[in-house]
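Biologist: I am new to this structure and should be grateful for a close look at a single part of it, namely the enclosed spaces inside and the residues around them. Please treat the matter as one connected account.

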Amino acid sequence: MTSLQTNGAFVRPPSAFRNFISKEPNAQFAPEKGRYALYLSPNCPWAHRTIIVRKLKHLEDIIDLYLIGAWGEEGWAFNGANGTHPEDPLHGFKTIKELYLHVDPSHTGRSTVPVLWDKKTDTIVNNESSEIIRMFYDNFDEFLPEEYREVNKPGGGLYPENLRKEIDEINEWVYATVNNGVYRTGFASTQEAYEAGLYPLFESLDRLEALLGHGKPFLFGGHVTEADVRLYTTLARFDVAYVPVFLCNLKTIRHDYPRLHLWLRRLYWDKGPLTSGAFYDTTSPWIHTYGPGYTSVRQVFVTPTAPFIVPKGPKVLIEELKESEKL
């Protein structure tokens, strides 16, 4: 899952499987209803992106979902806990590592989630979340009612053409300093490496707080975009896991970032047409597992000889919206 340099800094290796579902003629992986499955753990923020977009796009009847339990000695494992599957529904495997070895018996790299699986050819299409979510935007629109197709979405959909440059720009620095920044902080094994992740993380949170000064509900205005999805999965875990477990504790979202806090709560609690409940439905069943999950992973990679103690709190996992704050 991780690699630590000799200077104690966390380095994330690149994903290994980078094929694409495409509507191009003779594409190896063409859009088909029921052909593909998504393997993921709800605990993983990178995988969380994909399940959110699957629901935002109303792809539940088009792309199967196979939920994996917690991280363990053999990596991501099926265990049946918290609504996950007890074993791989297709092959009977108990771990994601077995799925990777099924595709490539010589595989020695990371066995990560999410995994986009092709049931027709029995292989991995892609395991990079940022690419999987973009495949979901319009490749399967022919199987959806007109109102759910990207071309008909208010604001131009999740990755509108007129905002792509700005979305790509914010994705770049949010990924480096926030999405991955919490890991650079939490998996650091020296004080220097810890602070090298910590301070840029909070500088970017300050920047995001200022960006929301436009007074609109989402990062780019009145509609959810890819940038909101990618930031949400980190901030949903921030106060409940990254502050107490990863030591990202200079500030909290709920007490020090009022605009980000409102943005987060609106996404989490809303179940109307702007979000279809995608954020709440993919977070609420598992948010109580984020703290214990990260405690376990951090112990494996940073403090293997330390006692296993799960920090408690905050008492309220996501604070509720006032009536005046609702979308």
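Modeller: The account below begins with the cavities, follows their linings into the surrounding helices, and ends with an open pocket. The model is a predicted one.

Rolling a probe the size of a water molecule over the atoms shows where empty space is left. In this structure, two cavities of 30 Å³ or more are found. The largest cavity holds about 80 Å³ of space, and the second largest cavity has a volume of about 40 Å³.

Let us take the largest cavity. Its lining consists of 13 residues, and those nearest its centre are Asp239, Arg254, Leu264, Leu317 and Ile318. Three elements give two or more residues to this lining: H7, helix H8 (253–256) and helix H9 (258–269). H7 provides the largest share, five residues. Sorted by class, the lining of the largest cavity comprises eight nonpolar, one polar and four charged residues.

Asp239, one of the residues nearest the centre of that cavity, deserves a closer look. It belongs to helix H7, which spans residues 226–242. Is Asp239 buried or exposed? Asp239 has a relative accessible area of 11%, and because the limit for a buried residue is under 20%, it counts as buried. The side chain of Asp239 has two polar partners to be named here. One is the side chain of Arg254, with which it makes a polar contact at 2.9 Å; Arg254 is also among the residues nearest the cavity centre. The other is the backbone nitrogen of Ile253, which lies 2.9 Å from a polar atom of the Asp239 side chain. If neighbours within four places in sequence are left aside, Asp239 is in contact with Pro244, Thr252, Ile253, Arg254 and Pro314.

H7 appears again at the second largest cavity, where H7 and helix H4 (164–179) each supply at least two lining residues. Here the largest share, five residues, comes from H4. The lining is formed by Ile170, Asn171, Val174, Tyr175, Asn179, Leu219, Ala227, Arg230 and Leu231. By class, these are six nonpolar, two polar and one charged residues.

H7 has a further part to play, at helix H3 (residues 129–138). Eight of the ten residues of H3 are buried, so this helix is largely enclosed by the rest of the structure. The buried residues are Ser129, Ser130, Glu131, Ile132, Ile133, Met135, Phe136 and Tyr137. Their cover includes H7 together with strand E3 (36–40), helix H1 (45–56), strand E7 (115–118) and strand E8 (123–126).

Another buried residue is Ser204, in helix H6 (residues 191–211); its relative accessible area is 6%. The side chain of Ser204 makes a polar contact of 2.6 Å with the side chain of Thr177. Apart from neighbours within four places in sequence, Ser204 is in contact with Trp173, Thr177 and Val178.

Finally, there is an open space to consider. The second largest pocket has a volume of about 300 Å³. Lys153, Pro154, His223, Pro273 and Leu274 are the closest to its centre among the 15 residues that line it. The lining of this pocket has seven nonpolar, five polar and three charged residues.

Key
Residues numbered from 1 in each chain as written. Predicted model: local features only at pLDDT ≥ 70, side-chain atom pairs only at ≥ 80, totals over all residues. Heavy atoms only, no water. Helix = DSSP H or I, 4+ residues; strand = E, 2+ residues; numbered from the N terminus. Buried < 20%, exposed > 50% of the residue type's maximum accessible area, 1.4 Å probe, protein only. Polar contact = N/O pair within 3.5 Å; in protein donor to acceptor, adjacent residues only side chain to side chain. Contact = heavy atoms within 4.5 Å. 1 Å grid on protein atoms, 1.4 Å probe; cavity = no way out; pocket = protein on both sides within 12 Å on 5 of 7 lines; lining within 4 Å. Points joined across faces, edges and corners; volume = space filled by probe spheres on them. Nonpolar A, V, L, I, M, F, W, Y, C, P; charged D, E, K, R; others polar.
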